[in-house]
Amino acid sequence: MLTETILGIHFFNGTVDEAVDAMCASGGLLVVPSAPTLVKLSEDEDHRRALTSADMAIADSGAMVLLWRIFTGRRVERISGLKFLKHLVARLASRPDERVLWIVPSEQAHEKTIAWLRSVNLIASADFYIAPRYAAHVRDDALVAKIDNHPPTHVVVGIGGGVQEKLGLFLKENLRARPSIHCIGAALAFLTGDQPPIPMWADRFYLGWLLRLFRQPRVFGPRYLSALKLPVLILRYRESLPPLRG
């Protein structure tokens, strides 16, 4: 598997179909870190362990991809969480025997996910879990018990970035089985309508963040401001994992 190491994370460096095939074949943990999520590498020990312990990371952040090209001259294939999820769904449509557990953040998200899965003919193989509000140290024994009792082929985690990666690592380390755990965050909400959709042209040109900022400036403004630290991190540490502050 071809990878490019950026800030201590081994990013998959192939096509989206190759990424989906690899995850489905081997199972394990997939993470899709955004620019604000990458900045937390130097701030949150549990978070950095989740990102560096993942079996696959894909380069969702257009800012990271561009900065890496500018600072090193090297290329890493950008695969957004939205693009990955769409290709995964297309694969699942041809394999109705592969059971999927969808982890969502609220009852509203649950209802919209059910409606969307019906529209793409995937409801028959679906199971659901509404995630509680997790503390900084993520642990969910009830979820582990649910998965161990009826092991799915895939676990799709559609909760907030910075939390979902920790949950994914907790599952990876505590489950008896080895499902494919896809931590794709807001991508699920874009498809179900729980959040305003991101057009594929905006995703292709790295503009999804800008649409989200225009729609909810109070929510995403502070988050994207924190991402301004990313150029300094990449320029200073490049392939190396940044030190943990404090």
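**Figure 1. Arg238 in the predicted model, in the segment after helix 13.** Arg238 has a relative accessibility of 30%, so the residue counts as partly exposed. In this predicted model, Arg238 lies in the segment that follows helix 13 (230–237). The phi angle of Arg238 is near 50°, which is a positive value in a residue other than glycine.

**Figure 2. Asn121, a residue with positive phi in a loop.** The loop that holds Asn121 runs between helix 6 and strand 6. Phi of Asn121 is positive, at about 60°, although the residue is not a glycine. Is Asn121 buried or exposed? Its relative accessible area is 69%, over the 50% cut-off, so Asn121 is exposed.

**Figure 3. Trp102 and Trp116 as an aromatic pair.** The count of aromatic pairs comes to one. Trp102 and Trp116 form this pair in an edge-to-face arrangement, with 5.8 Å from centre to centre and 90° between the planes. Trp102 belongs to strand 5 (residues 100–104) and Trp116 to helix 6 (residues 107–119), so the pair ties together parts that are 14 residues apart in sequence. Trp102 is buried, because its relative accessibility is 1%. Trp116 also has a low enough value, 11% relative accessible area, to be buried.

**Figure 4. Asp127 and its contacts in strand 6.** Strand 6 covers residues 126–130 and includes Asp127. Which residues does Asp127 contact, leaving aside its neighbours within four places in sequence? They are Arg99, Val100, Leu101, Trp102 and Lys146. With Arg99 there is a polar contact between the side chains, at 2.8 Å.

**Figure 5. Ser34 between strand 3 and helix 2.** Ser34 sits in the loop that links strand 3 (28–31) to helix 2 (35–39). The side chain of Ser34 makes a polar contact of 2.9 Å with the side chain of Thr37. Why does Ser34 count as buried? The cut-off for buried is under 20% relative accessible area, and Ser34 has a relative accessibility of 14%, so the residue counts as buried.

**Figure 6. Ala19 in helix 1 and its contacts.** Ala19 is part of helix 1 (residues 16–26). At 0% relative accessibility, Ala19 is counted as buried. Leaving aside neighbours within four places in sequence, Ala19 is in contact with Phe12, Met56, Ile58, Ile79 and Phe84. One of these residues, Met56, is 37 residues from Ala19 in sequence. In space, the C-alpha atoms of Ala19 and Met56 are 8.3 Å apart.

**Figure 7. The crossing of helix 3 and helix 8.** Two packed helices are described by the angle between their axes and the distance between the axes. Here the axes of helix 3 (residues 45–53) and helix 8 (residues 164–174) come within 9 Å and cross at roughly 65°. The crossing of helix 3 past helix 8 is left-handed. Helix 3 takes part in the contact through Asp46, His47, Arg49, Ala50, Leu51 and Ser53. From helix 8, the contact is made by Glu165, Lys166, Leu169, Lys172 and Glu173. Sorted by class, this contact has three nonpolar, two polar and six charged residues.

**Figure 8. The protein as the setting for the close-ups.** Its secondary structure comes to 13 helices and eight strands. The protein has 246 residues, of which 51% count as buried. Among contacts with a separation of 6 or more, 74% are between residues 24 or more positions apart.

Methods:
Residues numbered from 1 in each chain as written. Predicted model: local features only at pLDDT ≥ 70, side-chain atom pairs only at ≥ 80, totals over all residues. Heavy atoms only, no water. Helix = DSSP H or I, 4+ residues; strand = E, 2+ residues; numbered from the N terminus. Buried < 20%, exposed > 50% of the residue type's maximum accessible area, 1.4 Å probe, protein only. Polar contact = N/O pair within 3.5 Å; in protein donor to acceptor, adjacent residues only side chain to side chain. Phe/Tyr/Trp six-rings, centres within 6.5 Å; stacked < 30°, edge-to-face > 60°. Axes fitted to C-alpha atoms, helices over the stretch in contact; angles between N-to-C directions. Left-handed = near helix turned anticlockwise from the far one by under 90°. Contact = heavy atoms within 4.5 Å. Nonpolar A, V, L, I, M, F, W, Y, C, P; charged D, E, K, R; others polar.
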